[in-house]
Amino acid sequence: MTGASASAIHPTAIVDPKAELGAGVSVGPYSVVGPHVRLDDGVELHSHVAVSGRTRIGARTRIFPFASIGSAPQDLKYKGEPSELVIGADNTIREHVTMNPGTEGGGMLTQIGDGCLFMVGSHVGHDCRIGNRVILANNATLGGHVTVEDHAILGGLSAVHQFCRIGRHVMVGGMTGVEHDVVPYAMVMGNRAWISGLNLVGLKRRGFGRDTIKALRDAYALLFSEGGTWAEHIAQVAARHTDDPAVRELVEFVQQDSSRGFCRPQAEGKGNARSGDDA
C-alpha cells in the first residue's frame, strides 16, 4: 500500500495492501479499496465508497458516500477481462454514482477527464469516453460506448443511448432521451431528443464572442436546412466559414462516421436521425 503513511485511513475502512495510494489520500469510514486500485495524491473517499477493479483515480478527486467505482461492466459478454477505468484529476463524484470499466469490445477502457461533476445517481457505462469539465446532473445515464466531449452538460434524468456522441458545449435538457449523435454547441430536449437551438447560455458563459455565435447560427441554419443532401450541406457550411474555429469543429464532428445518425430540429418531424446514407 504505497504512501499509506502519508494518508488518512479510517480504522473501519478496508484498503487492500496491494492498492497504490498517493500522498494525502483520505479514505473514510467503511470504504473499500481493491488490490488493483490507484488513488493519486489528495484523493478523498468519503464514507461507504467502493472502489474496485483496475481503477485509477486522479489527484484531488472527491467521491461521496455509496458511490460504486470500477465494478464489473453491465455487459453479459464481459468475462472478467482486465479492463480499466481511468478517472482524471479534480473531479467531484457524488452519492450513489456508478462507473464501470471497459470491455473487450470497446478498447478495454472507460476514461474520464478532469474537472467533471457527477451528481447523485448518475451512471457512466462501460467503454465511455468523457472529456474535461463535463457535468452529469442527478440520475443522468450514459449507455456503453458513449463519447461526451468537453464542457457538455447532461440534465437530470437524461439518458444517452449506447454508441452516441455528444459534442463539445452541448446542453442536454432534463428527462431527455438521446438516441442520436448531438453536434457541438447544440441544445437538445424531448422524450426523443431534438435540437432546440444553440446552447447560447453556455456559449456566452464560456466567453464565445458575437461573431462566433453569429457564425454558428448561420452554420446550423444551413446544416439543417431543407433540400439537398447532408454531404452538400456540410460542404456549404465548410466553404462559407473557413476561418471560424468553432464552425470548423462542427464540420469535423459531422464528417466523422456516425453509427447512430444525428439529432435534428423538431420541425423535421419524427425522422430525427440523419447520417451520410443520403449523401
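Buried, in this talk, means under 20% relative accessible area, exposed means over 50%, and partly exposed is in between, with a 1.4 Å probe and protein chains only. Take H169 as a first case: its relative accessibility is 3%, so H169 counts as buried.

Hello everyone, and a quick word on ground rules. This is a predicted model, where local features need pLDDT of at least 70 and side-chain atom pairs count only at pLDDT 80 or more, while totals for chains, interfaces and linings use all residues. Residues are numbered from 1 along each chain as its sequence is written, and side-chain values use heavy atoms, leaving out hydrogens and water.

Let's start with the overall layout. The protein chain splits into domain 1, residues 8-145, and domain 2, residues 205-255; these bounds come from an automatic or database domain assignment. Between the C-alpha centres of the two domains there are 37 Å.

UniProt, in an unreviewed entry, lists residues 181-263 as "domain: UDP N-acetylglucosamine O-acyltransferase C-terminal". UniProt positions are in the numbering used here, feature names are shortened, and annotations may be inferred rather than shown by experiment. That stretch, 181-263, is 51% helix and 11% strand, and its end C-alpha atoms are 6 Å apart. When I say helix or strand, I mean DSSP runs numbered from the N terminus: H or I of at least four residues for helices, E of at least two for strands.

Now to the sheet. Eight strands form an open sheet with parallel pairing, in the order β3-β6-β9-β12-β15-β18-β21-β24. At the edges stand β3 (20-21) and β24 (165-166), each with a single partner strand, so one side of each has no neighbour in the sheet. Two strands pair here if DSSP finds at least two bridges between them.

Let me zoom in on β9, residues 54-57. With β6 (residues 38-39), strand β9 pairs in the parallel sense over two bridges, and L39 has I57 as its bridge partner. Towards β12 (residues 84-87), β9 is joined by four bridges, again running parallel, and there I57 stands opposite I87. Which side chains of β9 are buried? T55 and I57 are, pointing to one face, whereas R54 and R56 point to the other and are not buried. As a general reminder, side chains in a regular strand alternate between the two faces of the sheet.

Next, a few loop residues. Back to H169, which is found in the loop between β24 and β25 (171-172). What does H169 touch? Not counting residues up to four places away in sequence, its contacts are D150, H151, A152, Y185, A186, N199, R206 and F208; contact means heavy atoms within 4.5 Å.

M108 lies in the loop between β14 (98-99) and β15 (109-112). At 24% relative accessibility, M108 is partly exposed. The C-alpha atoms of M108 and P82 are 7.6 Å apart, with their positions 26 residues apart along the chain. P82 is also one of the contacts of M108, beyond neighbours within four places in sequence, and others include E81, S83 and D127.

Two residues have backbone angles to look at on your screen. D90 is not a glycine, yet has a positive phi of about 60°; D90 sits in the loop between β12 and β13 (92-93). R133, also a residue other than glycine, has a positive phi near 55°, and its place is the loop between β18 (129-130) and β19 (135-136). Both count as partly exposed, D90 at 39% relative accessibility and R133 at 43%.

Finally, the aromatics. The whole structure holds five aromatic pairs, counting rings of Phe, Tyr and Trp (its six-membered ring) with centres within 6.5 Å, and calling planes under 30 degrees apart stacked, over 60 edge-to-face and the rest tilted. W230 and F262 make a tilted pair, 5.4 Å centre to centre with 35° between the planes. W230 is in helix α3 (residues 230-240) and F262 in the segment after α4 (245-255), so this pair ties together parts 32 residues apart in sequence. Both W230 and F262 are buried. Ring pairs link them with Y220, F224 and F253 into a cluster.

F253 has a charged visitor too: R165 lies over its face, 4.0 Å from the ring centre. Likewise, the charged end of R94 sits over the ring of F64, 4.0 Å from its centre. The criterion is NZ of Lys or CZ of Arg within 6 Å of the ring centre and within 35 degrees of the ring normal. Thanks for listening!
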